[in-house]
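Got a structure in front of you and wondering where all the labels come from? Let's go through some of them together.

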Amino acid sequence: MHSIPSVRTYVIIWAILTFMTFTTYAVAQIDLGPWNIVVALLIAFFKMMLVILFFMNVKADSPLTKLFAGAGFFWLILLLGQFFVDYLTRSWMPEGQMW
Amino acid sequence: MADTHSTVEEHSAHSEHSPYLRHHFDDMAQQFDSATLGMWVFLLTEIMFFGGMFGAYTVYRSMYPEAFASTSAHMNPLWGAVNTAVLIVSSLSMALAVRAARIGEQKALQILLLVTIFFGLCFLGVKAIEYHEHWVDMKVPLIGGHWDYSEAPQFARQAQIMFCFYFFMTGFHALHMVVGVALMLTIFVMARRGTFSPAYFTPVEVSGLYWHFVDIVWIFLFPLLYLIGHTKKII
């Protein structure tokens, strides 16, 4: 167990998260071409890190818990990475010229 | 790990320890860390569960970008944004509930749990309104096929895939919300019975982890399902 974060910290994190929700909604109204989804996912990732580090308080958890939380995302990257290496590169090769 | 009450527990581990300390743990701090770690292991399986759906969704979306973008006309990003805000408020009240449990503020703990439950139910209410709108709009290609896509017939079949993903992903998320609300009701009853104290609040903490995790899933569902229509070519 660990030191107790102040109410102030939680409220600030909440305010940032709410602000980022408005931002992602507003940015989606502007046509940035392929960058819309990149910006949306970056904002989502940033929000996720705030929730994990502060609301879930992993920041102050034991190193073992941190390792496990990190491992989860490592496996997720492996899963999605292998997915995309296959499917998202299929169109790169001209028709009929697969290996 | 070194906190104020664990030192007390360590010295009295075998004589007069907390009634909540199981005998296979050295002290309350170790028991707490084990419970947190165990909850994270469960959450990892949840990450993989939702991760598979996110991956499949991305693959199909990269195959049929125009069809997927065309479905966004039938999503209401405002409802999605409102629900995101609702979930973030519920996460705040959950985090404050865990804090209240840790410092022994019983009254605040109970109120904050009720606030969390209230916002959880708000989320499910908005989701129900949305599902009803999809039903009226004939955009439910599941059981029985309540489906009409005559506004863009060239995308009719591919758009069904998108809506199947939409209902499965938001449906599983809503299911997790229902479980979360039931969990919070249980924790609320336990709190009312005076189960928790600064020395023992593990169930509040691990339920909180679950609640925040479900919030995170929605943080990704919102942009991917609601905010995709404004670009033509995706990824």
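Here is a short round of questions and answers on this predicted model.

Q: What makes chain A more spread out than a compact globule?
A: Start with its make-up: chain A has three helices and zero strands, running α-α-α from the N terminus. Its radius of gyration is 19 Å, and the globule rule gives 13 Å for 99 residues, so chain A is well over that value and counts as more spread out than a compact globule. You can also look at the box that its C-alpha atoms fill, roughly 60 × 40 × 10 Å along the principal axes. As for burial, 25% of the 99 residues of chain A count as buried.

Q: Why is Asn57(A) called buried?
A: Just count neighbours. Asn57(A) has 24 C-beta neighbours inside 10 Å, and the cut-off for buried is 20 or more, so Asn57(A) counts as buried. You'll find Asn57(A) in the loop between H2 and H3 of chain A.

Q: What stands out about the phi of Asn57(A)?
A: The phi of Asn57(A) is near 55 degrees, a positive value in a residue other than glycine. For background, most residues other than glycine have a negative phi. Over in chain B, Met138(B) also has a positive value, with phi near 60 degrees. Met138(B) sits in the loop between H5 and strand S1 (139-140) of chain B.

Q: Is Met138(B) buried, exposed or partly exposed, and how do you know?
A: Met138(B) has 14 other C-beta atoms within 10 Å. Exposed needs 12 or fewer and buried needs 20 or more, so Met138(B) falls in between and is partly exposed.

Q: How do you know which burial label fits Leu53(A)?
A: The cut-offs again do the work. Leu53(A) has 15 other C-beta atoms within 10 Å, which lies between the limits of 12 and 20, so Leu53(A) is partly exposed. Leu53(A) is in helix H2 of chain A, and, leaving aside residues up to four places away in sequence, Leu53(A) touches Val58(A) and Lys59(A). From Leu53(A) to Lys66(A) is 13 residues in sequence and 9.8 Å in space, C-alpha to C-alpha.

Q: What makes H4(B) roughly parallel or roughly antiparallel to H5(B)?
A: The axes of helix H4 (residues 77-102) and helix H5 (residues 106-136) of chain B come within 8 Å and cross at roughly 165 degrees. Angles over 145 count as roughly antiparallel, so that is the label for H4(B) and H5(B). The contact between these two helices divides into 19 nonpolar, five polar and two charged residues. The crossing of H4(B) past H5(B) is left-handed.

Q: How do you know the way H1(A) runs against H4(B)?
A: H1(A) and H4(B) pack at about 170 degrees, with axes 10 Å apart. With the cut-off at 145, H1(A) is therefore roughly antiparallel to H4(B). Among the residues that meet are Tyr10(A) and Trp14(A) in H1(A), and Ile88(B) and Leu92(B) in H4(B). This contact divides into 13 nonpolar, three polar and no charged residues.

Q: What makes up the side of chain A that touches chain B?
A: Here 41 residues of chain A are in contact with 44 residues of chain B. Helices H1 (7-28), H2 (35-55) and H3 (63-87) of chain A each give two or more residues to that side, and H3(A) brings the largest share, eleven residues. By type, the chain A side divides into 28 nonpolar, ten polar and three charged residues.

Notes. Residues are numbered from 1 along each chain as its sequence is written. Chains are lettered from A and ligands numbered from 1 in the order in which they are written. This is a predicted model: local features need pLDDT of at least 70, side-chain atom pairs count only at pLDDT 80 or more; totals for chains, interfaces and linings use all residues. Two residues are in contact if their C-beta atoms, placed from the backbone, lie within 7 Å. Helices (H or I, at least four residues) and strands (E, at least two) are DSSP runs, numbered from the N terminus. Ala, Val, Leu, Ile, Met, Phe, Trp, Tyr, Cys and Pro count as nonpolar, Asp, Glu, Lys and Arg as charged, and the others, Gly among them, as polar. The radius of gyration is taken over C-alpha atoms; the globule rule is 2.2 Å times the number of residues to the power 0.38. Axes are lines fitted to C-alpha atoms, for helices over the stretch in contact, and angles run from 0 to 180 degrees between N-to-C directions. Angles under 35 degrees count as roughly parallel, over 145 as roughly antiparallel, 65 to 115 as roughly perpendicular and the rest as oblique. A crossing is left-handed if the near helix is turned anticlockwise from the far one by less than a right angle, and right-handed if clockwise.
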